[in-house]
Amino acid sequence: MVTVNAEAFPRKVEGTVAVPLPAITASGSAVKLSLYGIAWVGHRGGVVNTPPELAADDGNGLQVHDEHSQSVVFAGVHALDGATVYVENCWFADQTVALKVTDGAWLAAVDVTFNRSVYGVLVEGGGTARTDVGGELFRKGGGTVCGVINCLFNGDHYHAIQVTDGARAEVRWCHMDNCLIAGMGVDGPHTFLAVDIEKGPSRTTYMSRARTVAEGGEYWPMRFALRQGGTIRGLARE
C-alpha cells in the first residue's frame, strides 16, 4: 500500500498522543514505488532514538509514539514491511528524517539532495533477508537494505546516514558536509555499512567543520561513528 499524507503531516493527534505520519508511506512486499523529481520541505521536530515503549514529548505538550520504529521521528518518505522504493533526482529539506527504511524494506536513493535534516537517511533493521537484489553485500542477510548513490548531504545533520539494528547499507559517490556528530553512524551488532572511501575522484567525501559546545570549546565531527558492534567496510573505487 502507498499512502500520501496530504492532510495530517507531520502527525495526527489522538487525544494527548501525536502519531508521526510520513508524507509518503510505502508498505508491503508487493509494493514497488518510484519517485522522481519531487521537492519536499518537511518538519524538523520529534524525538529520535527513543524506544517505542517510551512515550516522548514532542515539545508541544503531546506524547509521541511510533509503533513501526525504534525511533520516533517525522519522515518525508518511509519504506517498510518489505516494500521496494526507488528515489531519484529529488530534494528534501528540514526533515527529522528525509528517507526512512525499516522492517525489511529496500530503498535506493540516486542523485538526491538532503538539506538541514536531523538524519538524511535512516536505515533500521527488521524483517527477513532479501535475496532478490544484486551484489554480495545484499545476499549475506539482514532484513532492511538501502543503497545511497551520488547524493549530496548539506548540513546540519546529526548523521547524514544512520544504519542501526542489523540493517545493511551501501554508499557510493556521495558528498557530506557539516554534520553535528558524524557523517555516517553504524549502530548495533550485525549492522553493516559499505562505503567507497578509497582515494580518487569517484568516491564518497566528507567535510568536517568545527562545532562549538555550550562551554565554548570546539570539536570536529567524525567521518564515522561505530557503536555496539557495527561494521564498516571500505569499497574499492570502480
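1. Strand β21 is a good place to begin, since this strand is mostly covered, with 10 of its 13 residues counted as buried. The model is a predicted one, and the remarks below should be read with that in mind.

2. Several strands pair with β21, and they do so in the parallel sense. Strand β19, which spans residues 152-164, runs parallel to β21 and is joined to it by nine bridges. Strand β26, made up of residues 222-227, pairs with β21 over five bridges, again in the parallel sense, while the parallel pairing of β21 with β23 rests on three bridges.

3. Individual residues help to locate these pairings in the structure. G185 in β21 stands opposite Q162, and the bridge partner of G185 in β26 is A225, which makes G185 a convenient residue from which to trace both contacts. For the pairing with β23, the reader may look at D177, whose bridge partner there is M207.

4. D177 deserves a second look, because its side chain also meets that of R209 in a salt bridge, with 2.7 Å from N to O, and D177 lies in strand β21 (residues 175-187) whereas R209 sits in the loop between β23 (205-207) and β24 (211-212), so that the pair ties together parts that are 32 residues apart in sequence. Are the two partners buried or exposed, or something in between? D177 counts as buried because its relative accessibility is 14%, whereas R209, at 38%, counts as partly exposed.

5. How many salt bridges does a search of the whole structure find? The search finds four, and the D177 and R209 pair is one of the salt bridges in the model. In general terms, side chains of opposite charge can pair when their charged atoms come close.

6. Another salt bridge is formed by E170 and R172, whose closest N and O atoms are 2.6 Å apart. Both of these residues, E170 as well as R172, are buried.

7. A further salt bridge joins R116 to D94, with the closest N and O atoms 3.2 Å apart. This pair links distant parts of the chain, 22 residues apart, since R116 belongs to the loop between β16 (113-115) and β17 (119-124) and D94 to the loop between β13 (91-93) and β14 (97-101). R116 counts as partly exposed because its relative accessibility is 37%, and D94, with a value of 23%, is likewise counted as partly exposed.

Definitions and conventions
Residues are numbered from 1 along each chain as its sequence is written. This is a predicted model: local features need pLDDT of at least 70, side-chain atom pairs count only at pLDDT 80 or more; totals for chains, interfaces and linings use all residues. Side-chain values use heavy atoms; hydrogens and water are left out. Helices (H or I, at least four residues) and strands (E, at least two) are DSSP runs, numbered from the N terminus. Buried means under 20% relative accessible area, exposed over 50%, partly exposed in between (1.4 Å probe, protein chains only). Two strands pair if DSSP finds at least two bridges between them.
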